[in-house]
Amino acid sequence: MNLKLLAYTPEPEKVVAAAAKLCYSKSGIDDILENLTPEKTEKFIRSLLDMGHESPFEHISFTFGAEGVSRALLAQITRHRIASYSVKSQRYVSEAGFEYITPYEIAGIPEAEEIFEEAVEKAGEYYRRLSEILQKRHYDELIAAGVDEKKAARDAEKRAIEDARFVLPNACETKMVFTMNARSLFNFFSHRCCNRAQWEIRFLADEMLRLVKEVAPSVFKTAGPPCIRESCPEGRMSCGKAAEMRKKYLDK
């Protein structure tokens, strides 16, 4: 997995503090940024977090680039709907010779890893064969319809891989660029930093949290699973490691 913070709102903490200042003082937009020292900015943010007043955090956003992640992860992360996603298209980009993600539990058992690799290789072979069969059919149809050879070849490949992709596994590697505002990230970290989250998206969430803490430490000071701020909401499904999680996310 390769994750980068590509862009973010300039002076994110100051922007949040300015929004809060507008809510709780007589300041207007002409002087809203005045006298917002680092100390006052941090105080505003701490007060907002203590009150649970999260709307000012929607004014700052963070854009990430991720690669070396699976289509299984893609299915999970796009359930977080207050975000924007751009993903490598399997309709327009051939997956011949695709890279894939091996779950670490499978990688730790030679027999299981052998079966997994065999299954992925077979899926890749079926994808290639289907692509060839479909591409020939579409090419012949386009040529018969009077389309020139170069365009026919290009369009035939697109149509072929559009349907051949249905045999590709969840392990298939993908790339994406996605953007979330800070309030959405609070929600994302609450769900995906939890020990009960699926391992791949939990690794992604932890790395995302590390990156945003570098540029907005006060905003994300208490971000992470719910158990670091309050009692665990998982009930009998709890991992029972709240103290360990508090140490991991708060003692940094």
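**Entry 1: a bridge partner**

I looked up F62 first. Its bridge partner in strand 4 is M180. I note that this is a predicted model. Then I checked how the two strands run. Strand 2 covers residues 61-70 and strand 4 covers residues 173-181. They run antiparallel, and nine bridges join them. I looked for another facing pair and found E67 opposite K175 in strand 4.

**Entry 2: the other neighbour of strand 2**

I turned to strand 1. Strand 1 pairs with strand 2 over six bridges, again in the antiparallel sense. Here L3 stands opposite A66 in strand 2.

**Entry 3: the whole sheet**

I traced the strand order next. The sheet is open and has four strands in the order 1-2-4-3, with antiparallel pairing. Which strands sit at the edges? They are strand 1 (2-8) and strand 3 (84-87), and each pairs on one side only. I also looked up the twist. From one strand to the next it averages 20°.

I then asked what packs on the sheet. Helix 7 does, and it touches strand 2 and strand 4. The direction of helix 7 makes about 125° with that of strand 4.

Is strand 2 mostly covered or mostly open? It is mostly covered, with seven of its ten residues buried. I added a reminder for myself. Side chains in a regular strand alternate between the two faces of the sheet.

**Entry 4: the largest pocket**

I moved on to the pockets. The largest pocket has a volume of about 340 Å³. It is lined by 17 residues, and the closest to its centre are L49, V219, T222, A223 and R229. Which helix gives the most to this lining? Helix 2 does, with five residues. Helix 2 spans 38-51, and helix 7 spans 182-192. Each of these two helices supplies at least two lining residues. I sorted the lining by type. It divides into five nonpolar, six polar and six charged residues.

**Entry 5: the second largest pocket**

The second largest pocket holds about 220 Å³ of space. Its lining has 17 residues. Which of them lie nearest the centre? I found S190, C194, R196, P226 and E234 there. Helix 7 and helix 9 (242-250) are the elements that give two or more residues to this lining. By type, the lining divides into nine nonpolar, five polar and three charged residues.

**Entry 6: helix 7 again**

I kept meeting helix 7, so here is my list for that helix.

- Helix 7 packs on the sheet.
- Helix 7 supplies at least two residues of the lining of the largest pocket.
- Helix 7 gives two or more residues to the lining of the second largest pocket.

Terms used. Residues numbered from 1 in each chain as written. Predicted model: local features only at pLDDT ≥ 70, side-chain atom pairs only at ≥ 80, totals over all residues. Heavy atoms only, no water. 1 Å grid on protein atoms, 1.4 Å probe; cavity = no way out; pocket = protein on both sides within 12 Å on 5 of 7 lines; lining within 4 Å. Points joined across faces, edges and corners; volume = space filled by probe spheres on them. Nonpolar A, V, L, I, M, F, W, Y, C, P; charged D, E, K, R; others polar. Pairing = 2+ DSSP bridges. Axes fitted to C-alpha atoms, helices over the stretch in contact; angles between N-to-C directions. Contact = heavy atoms within 4.5 Å. Buried < 20%, exposed > 50% of the residue type's maximum accessible area, 1.4 Å probe, protein only.
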